[in-house]
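This note is intended for a colleague who is meeting the structure for the first time. Please read the points below with the model open alongside.

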Amino acid sequence: MNQLQRLPGSNMAWRSCSVLLRLTREEVSRTGVRGGRWPHSFQQRCGFKKATRKPEPKKVEEELHSTHSESSEAAHRRTSTPSWEPQAPPSPPRAFSGLVRPFLFTVGFTGCSFGSAAIWQYESLKSRVQSYFDEVRADWLERVRPQKQGDIRKEINQWWNSLSEGQRTVSGIIAVNALVFCCWRVPSLQRVMIKYFTANPASKALCSPMLLSTFSHFSLFHMAANMYVLWSFSTSAVSMLGREQFVAVYLSAGVVSSFVSYVCKMATGRFGPSLGASGAIMTILAAVCTKMPEAKLAIIFLPMFTFTASNALKAIVAMDTAGLVLGWKFFDHAAHLGGALFGIWYILYGHELIWKNREPFVKIWHDLRTRGGPGRGGGGGGGGGAV
């Protein structure tokens, strides 16, 4: 995750200019008029006494202020980086006490994510029979209805159906990231984007940015690189976890990685805004590499060099650990490391602790869902699903 850079203002130059103008006006008045009267020789030469003309400070200051505003607006239009207003970091005694709300939000949001995923899977299994009859009816209508040549909608459907389930799942995530990226380009939304779509423990908004910053990218290259990695690992991750569990893990990973970033920033005192999906993507990458350690991976620009998934994961964890210890500032190494460790933990322990124990919760939902309804006795719990 890239760190947004702070932009220095141009107020100092304008203050110096205004001070220089005021000093010039004062020097002119002091040298030209003495005691409220023009010099005697100048009055004699003219033959009459000319009244002094007082300067108009308000008019000059208004012109100077308008010129300053126009120049500031022009400079704002030229730059493509959002202005960052520095915020005072919390005082040391209250530093870690400010992590209570983010911690509760992390635990609560993670529980809600997996609970919603279990309900989602239950409803998907419940409607599978109805979907089967709908597909049969659609195939029959497709054969009866005359075919249209060059139908764009048909071509889009064929392309969509050619994608794997994992690629179709992450398409929505990529679309949301692209929408947020476009919002960064709207000048009137800059304050809102910085407040709610960048994660910073020194900000007034602490909890919601932990999730929203996972979908936020200011740089096009940053977003393209993250989405390419997500697209590459989506097929393996969704086939391993299932669509519902994958979404729950991805969203929870974004919040968990942001919380780890908060803790490290509080501990080191290196405050600053962070954004990007790197923490959540590191969780997916680490989960796949942990589950399939012997899988062969390659770099997009160097396809001739291959390495195992376990070696790639070790190298990534080592690099982010070094960056965290040495204080490298180009990436948010704490978020990367937190995401990777969360992915490893989930495959080794979290899947058994969380997803395997969802049956009681699904049974409660089943009872609420079918109580007094026409589908009493239908459904069948939360059986089935991914490994």
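1. The expected span of a helix is 1.5 Å times one less than its number of residues. The model discussed here is a predicted one. Helix 11 covers residues 220–241, which is 22 residues, so a span of 32 Å is expected; its end C-alpha atoms lie 29 Å apart, in agreement with that value.

2. Helix 11 is nevertheless not straight throughout: a kink of about 45 degrees is centred on Ser 234. Ser 234 is also among the buried residues of this helix. Others in that group include His 222, Met 223, Asn 226, Met 227, Leu 230 and Phe 233, and, further along, Ala 237, Val 238, Met 240 and Leu 241.

3. Both ends of helix 11 merit inspection. At its start, a side-chain oxygen of Ser 219 comes to within 3.4 Å of the backbone nitrogen of Phe 221. Just after the helix, Gly 242 adopts a positive phi of about 95 degrees.

4. Is Thr 214 buried or exposed? Thr 214 sits in the loop between helix 10 (208–212) and helix 11. Its relative accessible area is 3%, and because buried means under 20%, Thr 214 is classed as buried. The side chain of Thr 214 reaches the backbone oxygen of Met 210 at 3.4 Å. Leaving aside residues up to four places away in sequence, Thr 214 touches Asn 177, Tyr 250, Gly 254, Gly 276, Ala 277 and Ala 280.

5. Asn 177, one of these contacts of Thr 214, is a buried residue of helix 8. Helix 8 has 19 residues (165–183) and extends 28 Å from its first C-alpha to its last, close to the expected 27 Å. A kink of about 25 degrees is centred on Ser 171, which is itself buried. Other buried positions of helix 8 include Gly 166, Gln 167, Thr 169, Val 170, Ile 173, Val 180 and Phe 181. The cover over the buried residues of helix 8 includes helix 7 (152–162), helix 9 (190–196), helix 11 and helix 12 (243–268).

6. The annotation should be read beside the model. An unreviewed UniProt entry lists residues 206–225, 245–264, 297–318 and 330–349 as "transmembrane region". Over residues 245–264, the chain is 100% helix and 0% strand, with end C-alpha atoms 28 Å apart. Over residues 297–318, the chain is 45% helix and 45% strand, and the end C-alpha atoms are 18 Å apart.

Definitions and conventions:
Residues are numbered from 1 along each chain as its sequence is written. This is a predicted model: local features need pLDDT of at least 70, side-chain atom pairs count only at pLDDT 80 or more; totals for chains, interfaces and linings use all residues. Side-chain values use heavy atoms; hydrogens and water are left out. Helices (H or I, at least four residues) and strands (E, at least two) are DSSP runs, numbered from the N terminus. The bend at a residue is the angle between axes fitted to the seven residues ending there and the seven starting there. Buried means under 20% relative accessible area, exposed over 50%, partly exposed in between (1.4 Å probe, protein chains only). A polar contact is a pair of N or O atoms within 3.5 Å; within protein, one must be able to donate a hydrogen and the other to accept it, and residues adjacent in sequence count only if both atoms are side-chain atoms. Contact means heavy atoms within 4.5 Å. UniProt positions are given in the numbering used here, feature names are shortened, and annotations may be inferred rather than shown by experiment.
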